[in-house]
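This report describes confidence, disulfides, nonpolar cores and aromatic contacts in a single structure. The sequence and the model come first.

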Amino acid sequence: MTLHRSLVFFFLFLSCFSLSSWALPLCSDSRAPSEVNSTLSFCPYKGKTCCNSMEDSSLMKQFQAMNISDKGCASVVKSILCAKCDPFSSDLFRDNSDQQSVPILCNSTSSANSTEDFCSETWETCQNVSISGSLFAASLQGRAGAPANNNASKLADVWQSKTDFCSAFGGASSNETVCFSGEPVALTDNDTTPDKPPSGLCLEKIGNGSYLNMVPHPDGSNRAFFSTQPGIVFLAGIPDQDSGGVLDVDPSSPFVDLTDEIHFDTEFGMMGMAFHPKFAQNGRYFASFNCDKSKWPGCTGRCSCNSDVNCDPSKLTPDSGSQPCQFQTVIAEYTANGTSSDPSKAKNAKPTEVRRIFTMGLPFTSHHAGQILFGPDGYLYFMMGDGGGGADPYNFSQNKKSLLGKIMRLDVDNIPSASEISKMGLWGNYSIPKDNPFREDKELEPEIWAIGLRNPWRCSFDSSRPSYFMCADVGQDTYEEVDLITKGGNYGWRVYEGPDLFQPEASPGGNTSIKSLNPIFPVMGYNHSEVDSSGKSASITGGYFYRSETDPCIAGMYVYADLYGNGVWAGIETPANSGNFVTNRTTFSCAGDSPMKCSDSPGTSGLSLGYVFSFGEDNNKDIYLLTSNGVYRVVRPSRCNLTCSKENSTAARRKPGPSSSPSSSPSSCYKHINGFHGSFVVLFVSLSLILLGLLN
């Protein structure tokens, strides 16, 4: 058991109030709290905080300008001002308004379970005290209880009563929100964190196909889309748990075949797919893939090696016989409209692009990641590797003008005109979300959400806590990592590999100073030596927080694996909401009543997964492993004779809606195959993809 201490978060153990079950330390501008060496001069925060010394000084000047003579009221107002520095300020200022200068004040009248009434305390302490430039009138736009007099300096002159005041500023802690009680937010001890590692994972095999991507149908039904690396997408019906069924998919009738546009080789292919949150209404879906400009005229993106990033393509050494930026990464939009009157009932779609969202030339032939997914905010997140070349020689990951080694966040619902796209220098048909971190860091390209990644291979948002955005990042020589992604976060590569400093053999693109970084270190991970005695064959595959009811003994754990099938891990956050994880390597076995025969490890009776390409999650939150040996699903522990005291094997299993009709309520946040879908050649190349180092 290894404890991976996250340097992303810091929490203060002070008496406060019940913290929500999903609250994540996050600043009001969606950034992760940063480390300060000592307690701030004005505000009582130390360790991880949302204020630096300049912001702390600005708050002090604002407080002094208020000229509050009453000491009691001055203390209350100071604590309210300093709430901007709280590591949980994003939740405290959850109205997310530029005018909001007051956090949600704990108010006992808002909830029968609330034990704090800081709102009443604020009123009773300050109602008759003069406050110059009072913050209690400035933040009221759009909130309940309009003030009687915006120009007055006393609360009693502004608000008609305590009831009106607390109607505007009060709130309560609950299972979904937190409030401010006058003290820094702290974690509670009564959490539901799993108390011990699982006894193992029980898997059943339900399909023979080899896939890179799985996306649950946006209509909430028991169907999902599966895509292969060559670029074929299948719509499959998913069998109920304990039904003995297998994936219902017709290999001769794919949902869509995009192989004509996609360049498929050991390092290339269809890397991601995403369906618009409103797919059931608008039929929009997206594919992320690679193309070869020497073979397809539609492959026409700008080269990522350019003068803006101090890179000259003519000086790059040809990679594997190809020219720099010959191969490109693409996000294209398609539609299911026209094949059915109701997109949610469409069984196939035309392979014709509706719109090119993004195209960019790649400097080398590896490390281009390519996953896309819609976040809970409705924006499209695009994971991009450092471009390869061996240890990111041009330092693209740390270059804020390069999109390599980054996570991007794009708005695909508001498309600018062609002239606007050209003027802004965008890479395709998308717009920039207004709250992307370039607003605060002018050096960043506007598309960037996070930097310092090497090759992010499979990311996911926690369906129960959307602020937990997890990404696995493939290591170079020694360490595989899982990162908790936050706005503007720098995850260290190539100054760091995991928690350790990294020394590149060559740096034609220069280096980044260690002192200039405020890196966010991994929350989970493993050393190469843990899975391979030679320390070479290791490559992480990111997974999901387990939120299904099927195996209650791994509920709430983050499950991930090594690509080479050498290990599966379950990460337990301890304590809850802290960002600190204990990871446990866990065994896996095949259910005795698996509907399809599992593959055995050569010379043993154990289960062989082959290569674990990716994970998937369905609309019931059951988790799947997409492997070179087929599709596996996590099932009840008792089916593998594993002990789980929380399991009730006789309980009725949940029954999703029929595959032919959508569920009545989509997710709130977000034929039996006897042979392989492709030919032996396709399978062989898919395996070669791994052996030749797509992810390493």
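Residues 1-22 have pLDDT under 50 throughout, although the model gives this stretch 97 contacts beyond four places in sequence. The coordinates belong to a predicted model. Residues 111-115 also have pLDDT below 50, and that stretch has four contacts in the model beyond near neighbours in sequence. Where pLDDT is low, predicted coordinates should not be read in detail. For the chain, the mean pLDDT is 85, and 83% of the residues reach 70 or more.

**Disulfides**

How many disulfides does a search of the whole structure find? The search finds 13. Three of them are set out in the table, including the link of Cys 27 and Cys 50.

| Pair | S to S distance | Torsion about S-S | Handedness |
|---|---|---|---|
| Cys 27 and Cys 50 | 2.0 Å | -95 degrees | left-handed |
| Cys 202 and Cys 640 | 2.1 Å | about 75 degrees | right-handed |
| Cys 303 and Cys 325 | 2.0 Å | about 65 degrees | right-handed |

The link of Cys 27 and Cys 50 is left-handed, with -95 degrees about the S-S bond. Cys 27 lies in the loop between β1 (2-4) and β2 (34-36), while Cys 50 lies in the loop between β3 (47-49) and α1 (53-66), so this disulfide ties together parts 23 residues apart in sequence. Cys 27 and Cys 50 are both buried.

For Cys 202 and Cys 640, the torsion about the S-S bond is about 75 degrees, so that disulfide is right-handed. The pair links distant parts of the chain, with the two positions 438 residues apart: Cys 202 is in strand β6 (residues 201-207), and Cys 640 is in the loop between β33 (630-634) and α10 (680-691). Cys 202 is buried, as is Cys 640.

The disulfide of Cys 303 and Cys 325 is right-handed because its S-S torsion is about 65 degrees. Cys 303 belongs to strand β13 (residues 302-303) and Cys 325 to the loop between β13 and β14 (327-335), so the pair ties together parts 22 residues apart in sequence. Cys 303 counts as buried because its relative accessibility is 17%, which is under the 20% cut-off. Cys 325 also counts as buried, at 2% relative accessibility.

**Nonpolar cores**

In soluble globular proteins, nonpolar side chains tend to be buried together. The largest nonpolar core here has 45 residues, and the members that touch the most other members are Ile 68, Val 77, Ile 80, Leu 105, Phe 136 and Phe 165. Two or more residues of this core come from each of α1, α2 (71-82), β4 (105-106), α4 (118-126), α5 (135-138), α6 (155-158) and α7 (162-169). Helix α2 gives the largest share, seven residues.

Which residues are in contact with Ile 80, leaving aside its neighbours within four places in sequence? They are Val 102, Pro 103, Leu 105, Phe 118, Thr 122, Leu 135, Phe 136 and Phe 180. Another core lies apart from the largest one and has 37 residues, among them Ile 372, Met 408, Leu 426 and Ile 448.

**Aromatic pairs and charges over rings**

A pair of aromatic rings is described by the distance of the centres and the angle of the planes. The structure holds 38 aromatic pairs. In one of these, Phe 275 and Phe 279 are edge-to-face, with 5.2 Å from centre to centre and 90 degrees between the planes. Phe 275 counts as buried at 7% relative accessibility, and Phe 279 is buried with a relative accessible area of 1%.

Are the rings of Tyr 394 and Phe 396 stacked or edge-to-face? Their planes are at 20 degrees and their centres 5.9 Å apart, so the pair is stacked. Tyr 394 counts as buried at 16% relative accessibility; Phe 396 is buried, its relative accessible area being 1%.

Ring pairs also join Tyr 468, Tyr 526, Phe 545, Tyr 558, Tyr 560, Trp 569 and Phe 581 into a cluster.

Charged side chains lie over rings as well. Lys 78 is over the face of Phe 42, 4.7 Å from the ring centre. The charged end of Arg 454 sits over the ring of Trp 493, at 5.7 Å from its centre.

Notes: Residues are numbered from 1 along each chain as its sequence is written. This is a predicted model: local features need pLDDT of at least 70, side-chain atom pairs count only at pLDDT 80 or more; totals for chains, interfaces and linings use all residues. Side-chain values use heavy atoms; hydrogens and water are left out. A disulfide is a pair of cysteine sulfur atoms within 2.5 Å. Helices (H or I, at least four residues) and strands (E, at least two) are DSSP runs, numbered from the N terminus. Buried means under 20% relative accessible area, exposed over 50%, partly exposed in between (1.4 Å probe, protein chains only). A nonpolar core is a set of buried Ala, Val, Leu, Ile, Met, Phe, Trp, Tyr and Cys residues joined through side-chain atoms within 4.5 Å. Contact means heavy atoms within 4.5 Å. Rings of Phe, Tyr and Trp (its six-membered ring) pair if their centres lie within 6.5 Å; planes under 30 degrees apart count as stacked, over 60 as edge-to-face and the rest as tilted. A charge sits over a ring if NZ of Lys or CZ of Arg is within 6 Å of the ring centre and within 35 degrees of the ring normal. pLDDT is the predictor's confidence in each residue, from 0 to 100.
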